[in-house]
Amino acid sequence: MAPSGMVKLACVVLMCMVVTAPHAQAAVTCGTVLTSLQPCLGYLRSGGAVPMPCCNGVKSLNSAAKTTADRRTACNCLKSASGQVGGINPGYASSLPKSCGVNIPYKISTSTDCAKVK
């Protein structure tokens with residue numbers, strides 16, 4: 001990743017940590033989401049085979065998001081990060097969970113209303 005991409009990603013992580021700090025009891029934070037999915041950036045930009053570390057992160061994140069609040073946090077973090085980290089292909093993003101054998105209860109899309117995620 002280019003240095004400017006890392007700076008953007010670090011800023012997103014920092015923003016998510018600040019936003020979710022009052023909700024410290026939640027198992028999922030933006031930091032968790034971004035750390036889990038960092039190995040997926042190459043796939044999300046260029047496609048191809050999904051790397052095993054990426055799928056491990058997707059599975060780990062899915063396992064951690066046990067409550068509605070956790071799933072909504074993950075949804076909001078994904079939407080926020082997609083706007084901050086350039087070059088993400090929406091089609092690759094939406095197909096990622098299925099490519100890793102994970103079923104999530106909402107569509108990965110910038111149009112998803114995270115408040116409606118159960």
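**Exercise 1. Work out how α2 and α5 pack in this predicted model: at what angle, and how far apart are their axes?**

Solution, step by step.
- Start with the geometry: α2 and α5 pack at about 65 degrees, and their axes are 9 Å apart. Keep in mind that you're looking at a predicted model.
- Next, get the handedness. The crossing of these two helices is right-handed.
- Now list who meets whom. From α2 come C30, V33, L34 and L37, and they meet T73, A74, C77, L78 and A81 of α5.
- Finally, sort that contact by class: 8 residues are nonpolar, 1 is polar and none is charged.

**Exercise 2. Compare the span of α5 with the one expected at 1.5 Å a residue.**

Solution, step by step.
- Count first: α5 covers residues 68-84, which gives 17 residues.
- From the first C-alpha to the last, α5 reaches 24 Å.
- The expected span is 1.5 Å times one less than the number of residues, and for α5 that comes to 24 Å, so the two agree closely.
- While you're on this helix, pick out its buried residues: D70, R71, T73, A74, C75, C77 and A81.

**Exercise 3. Is T112 buried or exposed, and which residues is it in contact with beyond its neighbours within four places in sequence?**

Solution, step by step.
- Find the spot: T112 sits in the segment that follows α6 (90-99).
- Check the number. T112 has a relative accessible area of 12%, and buried means under 20%, so T112 counts as buried.
- Then look around it. Skipping neighbours within four places in sequence, T112 is in contact with C75, K79, Y106, K107 and V117.
- Go back to α5 for one of those partners: C75 is buried as well.

**Exercise 4. Which residues of the largest nonpolar core touch the most other members, and which elements give it two or more residues?**

Solution, step by step.
- The core has 23 residues, and V33, C40, V58 and L96 touch the most other members.
- Two or more residues each come from α2 (30-37), α3 (41-46), α4 (52-64), α5 and α6.
- The largest share, 4 residues, is from α4.
- Zoom in on L96. Leaving out neighbours within four places in sequence, L96 is in contact with C40, Y43, L44, V50, C54 and V58.

**Exercise 5. How exposed is R45, and how far is it from N89 in sequence and in space?**

Solution, step by step.
- Place R45 first: you'll find it in helix α3.
- Its relative accessible area is 31%, so R45 is partly exposed.
- R45 and N89 lie 44 residues apart in sequence, yet their C-alpha atoms are 5.5 Å apart in space.

How values were computed:
Residues are numbered from 1 along each chain as its sequence is written. This is a predicted model: local features need pLDDT of at least 70, side-chain atom pairs count only at pLDDT 80 or more; totals for chains, interfaces and linings use all residues. Side-chain values use heavy atoms; hydrogens and water are left out. Buried means under 20% relative accessible area, exposed over 50%, partly exposed in between (1.4 Å probe, protein chains only). Contact means heavy atoms within 4.5 Å. A nonpolar core is a set of buried Ala, Val, Leu, Ile, Met, Phe, Trp, Tyr and Cys residues joined through side-chain atoms within 4.5 Å. Axes are lines fitted to C-alpha atoms, for helices over the stretch in contact, and angles run from 0 to 180 degrees between N-to-C directions. A crossing is left-handed if the near helix is turned anticlockwise from the far one by less than a right angle, and right-handed if clockwise. Ala, Val, Leu, Ile, Met, Phe, Trp, Tyr, Cys and Pro count as nonpolar, Asp, Glu, Lys and Arg as charged, and the others, Gly among them, as polar.
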